[in-house]
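Subject: Structure handover

Hello,

I am passing a structure on to you. Please open it first, then read my notes below.

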There are 2 protein chains.
Amino acid sequence: MGKKRVTLTDIANELNIDVSTVSKALKKHPKISDVTIKKVSKVARRLNYRPNDIATALVKGRSNLIGVMVPHTDENFFASAIRGIEEVAKKKGYNITIFQSNDDTSDEKSNIETMYRARVDGIIASHAMETHEFGHYQDILDQDIPLVLFDRFNDAIDSDVVAIDDFKGAYKAVSHLIDQGCTRIAHIAGQLSVHIYKERYRGYKQALEDHGIPNEENLVVESDMSLEGGRKLTLTLLNNRKKPNAIFASNDYTALGAIQFLQESNIDIPEEVAVVGFSNEAFTSYVTPTISSIEQHSRKMGKIAAQHLLDQISGSTESSSAKRPSQKTILTPELIIRESSKKK
Amino acid sequence: MGKKRVTLTDIANELNIDVSTVSKALKKHPKISDVTIKKVSKVARRLNYRPNDIATALVKGRSNLIGVMVPHTDENFFASAIRGIEEVAKKKGYNITIFQSNDDTSDEKSNIETMYRARVDGIIASHAMETHEFGHYQDILDQDIPLVLFDRFNDAIDSDVVAIDDFKGAYKAVSHLIDQGCTRIAHIAGQLSVHIYKERYRGYKQALEDHGIPNEENLVVESDMSLEGGRKLTLTLLNNRKKPNAIFASNDYTALGAIQFLQESNIDIPEEVAVVGFSNEAFTSYVTPTISSIEQHSRKMGKIAAQHLLDQISGSTESSSAKRPSQKTILTPELIIRESSKKK
DNA sequence: TTGAAAGCGTTACCAA
DNA sequence: TTGGTAACGCTTTCAA
């Protein structure tokens, strides 16, 4: 049996005063005399009293808990977003509890259910890759539970959003390759049913068009975003009659796969084929050659998401009848140029 | 104002029956008639009722929450340990809430305070690097709150422990280098005041001794565990009159720094200097040359830690008067041989 | 099979 | 300045 914890009642009994007095004394309520405050805090310290936040949450109707759900906690991007969220939330006295969907819609639903039951004060989420129906997110909004979607979101849900401009990121990457003199630029895309990958593909096409380079269908391949996928698809691309002289990959793992395959084929990087990835994973600056990539500002994204959520929470506490319009923050991605695309 | 949530009372009023009946009906208590159960669940579904876990926690005295504290959530090792913890905990209906100490003892203390106030049912933690006084952990034990320390622990605290055998890991790494014919093996150590780094140093020395290789003081340097530190100290090591022909680094970042410096100095790896790191970070298999390292089984560590904690929790529920002795699980690390140390 | 009431640990309101 | 009491939403025990 867990040890019996010290309660306000214990302190009250010890001093022969009322619990309500103890409660007020501990929070230095102005109507309580200094002597009482002193007495109470002394006993509280002696008994090693710690408030029971669960009881407080029940009466206040607030848990001071923020639910955070991401596809995978151990992916660099999400881990650092979570870190950003935590920094901001903690400063305001909120704790966070973390859930992962494993990119599985039914896990996602059950996580939302759990958060709801735990009466979190708000939810920050990045939805599962395979989620295409967003009723469970709409339910959150319908319950007036503050919600912020980050990185992955969907226009069907009118919530706050923090994301980067994937279109612009891709546009920058491809324009840079064109600057370097590349003329036949291939694209290893992600599943085009997914918003962010579609946007990256759009940015790729737009950049080509704006620079008067024709868009060739067989220079675009769709991958599963794995390193192995990057290798295989690079082989496919090199089998083209007219080989590409650059590859823009939708993430860094496929970019790395491409680079490995090119190296094994004795193709010079970046002179014969230049490569740019996406996400700026830590390893891009460790490998040889270092890989040019797009920085997504994950930590900052997390911070902003938390900020939006806290705004909503404090907004909903006030009885402002007007409904606050949802906030959409789209960050500008940054191109980091490294060896894999910088020609002499 | 957040929307008013549906409660048991709402359902009871709707049906003109008592809350207690509703409560029992919803959990299909055997003494409640099937008709009532049907009626109740129908209304519950219609009103979209969700139990308030906070209220339940208050009356049951259990929060179903596990507190997890690590130095940094965005470090690969910890992120994947957390993932392991979550998998196991969730299966048993526990949620986890995550805290990071930022390797700062005062953050660590305040996190413990918060967890205590939140009435977590148990704590899994890896202590801050700079923590050398463990009273705040002892407090947890004194309150009979289940505690498991993982990876970083201290003998001053008699808690459950899950860790790897750092001594053995280092021993394996160094023995492997000797097998490869290396005779002058340097060691880039971590702060030797920290248990795990001290153990790795011990393993290093023991391996040398067991193979009849003299231990030379100036082949051992202490680093801050950063990539940059690895580079600088490799320079120091190469300045020795008799240069080393192998380096055993206490983590993968310093190993990578060493490799970069060796490459820039046109020293062949592994023929002239072989390198082994520690932790088996993902990037070790991406870089050139791939880096030999020691796998620490972080995910598994997390799973076992959670298992130990759940054992403690269920043990403390039973009124078994006998105090359960603390469980120490020491995993055996695994040597992963890659290009940086495998000679032809 | 159902109901009534007490209680979990706090807070908040009104009365003393 | 302090005390009493109801209330938060649920579970549990005992009575009906």
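Here is what I found, going from the domains to the sheets and then to the contact between chains.

Please keep in mind that this is a predicted model.

**Domains of chain A**

Chain A is divided into three parts: domain 1 covers 8–51, domain 2 covers 60–163 + 298–326, and domain 3 covers 166–296. Measure out the layout from the C-alpha centres: those of domain 1 and domain 3 of chain A are 66 Å apart. The UniProt record, an unreviewed entry, lists "domain: HTH lacI-type" for residues 6–60 of chain A. Helix makes up 69% of residues 6–60 of chain A, and strand 0%. The end C-alpha atoms of that stretch lie 21 Å apart.

**A sheet in chain A**

Look next at an open sheet of four strands in chain A. Its order is β7-β6-β8-β9, and the pairing is parallel. At the edges are β7 (220–222) and β9 (274–276) of chain A, each paired on one side only. Neighbouring strands of this sheet turn by 15° against each other on average, direction ignored.

Strand β6 (residues 185–189) of chain A is joined to β7(A) by three bridges. Across that pair, A:Ile188 stands opposite A:Val221. Helix α9 (residues 195–210) of chain A packs on the sheet and touches β6, β7 and β8 (246–249) of chain A. The direction of helix α9 makes about 170° with that of β6(A). Helix α11 (residues 252–264) of chain A lies across β6, β8 and β9 of chain A, at about 160° to β9(A).

**A sheet in chain B**

Chain B has an open sheet of four parallel-paired strands, in the order β7-β6-β8-β9. Its edge strands, β7 (220–222) and β9 (274–276) of chain B, have a single partner strand each, so one side of each has no neighbour in the sheet. The twist averages 15° from one strand to the next.

Three bridges pair β8 (residues 246–249) of chain B with β9(B), in the parallel sense. There, B:Phe248 stands opposite B:Val276. Helix α8 (residues 166–179) of chain B lies across β6 (185–189), β8 and β9 of chain B, and runs at about 170° to β8(B).

**Where the chains meet**

The contact takes 53 residues from chain A and 53 residues from chain B. Together the two chains bury about 5,200 Å², with 47% of it on carbon and sulfur atoms. Four salt bridges are counted between chain A and chain B. In a salt bridge, the side chains of A:Arg50 and B:Glu113 meet at 2.8 Å, N to O.

Best wishes

Definitions and conventions. Residues numbered from 1 in each chain as written. Chains lettered and ligands numbered in written order. Predicted model: local features only at pLDDT ≥ 70, side-chain atom pairs only at ≥ 80, totals over all residues. Heavy atoms only, no water. Pairing = 2+ DSSP bridges. Helix = DSSP H or I, 4+ residues; strand = E, 2+ residues; numbered from the N terminus. Axes fitted to C-alpha atoms, helices over the stretch in contact; angles between N-to-C directions. Contact = heavy atoms within 4.5 Å. UniProt positions renumbered as here; feature names shortened; annotations may be inferred. Domains from an automatic or database assignment. Buried area = accessible area lost by both parts, 1.4 Å probe.
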